[in-house]
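Me: I would like to learn how to read the features of a model with some care. Could we go through them one at a time?

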Amino acid sequence: MITIHQYGTKYFVFDAKDVETLRCEYRIVGALSGTLSQFPLQNTFYGLPLLLLPEQVEFIVRQGWAQLVSKDPNTLCTSPLFDDLWSKGYFITSGIKFGGDYLLYHQDPMSTHSQFVVAQHSSEQLITPLDIIQKGRLATNVKKTHVLAGTIKDAMTYYSIEWAGF
C-alpha cells in the first residue's frame with residue numbers, strides 16, 4: 001500500500017518505489033519537489049518527495065491504492081472531472097502554469113508534451129467572448145488546445161477552443 005503524507009494543504013509521497021508504482025501502474029504523475037543532495041543549489045532538476053494534487057490523492061485513496069497519513073482532519077473532496085479524464089486514459093498534471101486546472105497527456109509526460117489545457121467551468125459561470133479569445137490564444141501560443149469542461153445533465157461535457165489566427 002502506498003503511503004501519502006499530508007502536511008497542511010500539501011500531499012507528499014517520500015518512497016521511490018511508491019512513486020514508481022503511482023506512475024507506471026496508475027498513471028499518477030505528480031511533481032517532484034525536493035532538492036537533489038548532490039546539487040542542492042540548482043533548481044532545474046528535482047527529487048523526492050513527490051507532490052500530489054488533492055484530486056489525485058482523493059482518487060488514489062478512494063481506489064484503495066494508498067493510505068493517507070495526516071494529523072489534520074481529512075478534507076478531500078471528489079472531482080468528477082479528474083475521474084472522467086483519468087478513466088479516458090490520460091496522464092494528468094496541474095495546469096496552473098497554462099491558465100487551466102489540468103494538463104492532459106496521451107502518454108507519460110516524460111516522453112511526450114501535453115496536448116490539452118483543461119479548465120473546469122460550472123453551467124452558471126458566465127464565459128465572455130474575451131475569455132474565449134484569451135484562452136484560445138494562450139493555448140495556441142504554448143502549442144495546446146484549451147478545453148472547457150463541465151457537467152451538463154449529469155454528463156461531463158467538453159468544448160475545445162483553438163485559435164484560427166485569420
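**Core, sheet and a buried glutamine**

Reply: Leu52 touches Ile4, Tyr11, Val13, Leu22, Ile28, Gly30, Val57 and Ile60, leaving out residues up to four places away in sequence, where contact means heavy atoms within 4.5 Å. This is a predicted model, in which local features need pLDDT of at least 70 and side-chain atom pairs count only at pLDDT 80 or more, while totals for chains, interfaces and linings use all residues. Residues are numbered from 1 along each chain as its sequence is written, and side-chain values use heavy atoms, with hydrogens and water left out.

Me: Which strands are at the edges of the sheet?

Reply: Strands of a sheet pair through backbone hydrogen bonds, either parallel or antiparallel. Here five strands form an open sheet of mixed pairing, in the order S3-S4-S2-S1-S5, with strands being DSSP runs of E, at least two residues, and helices runs of H or I, at least four, numbered from the N terminus; two strands pair if DSSP finds at least two bridges between them. The edge strands are S3 (31-34) and S5 (66-69), each pairing on one side only.

Me: Why does Gln56 count as buried or exposed?

Reply: Buried means under 20% relative accessible area, exposed over 50%, and partly exposed in between (1.4 Å probe, protein chains only). Gln56 counts as buried because its relative accessibility is 1%, and this residue is found in helix H2 (residues 54-63). Leaving aside neighbours within four places in sequence, Gln56 is in contact with Ile28, Val29, Gly30, Phe82 and Ile92.
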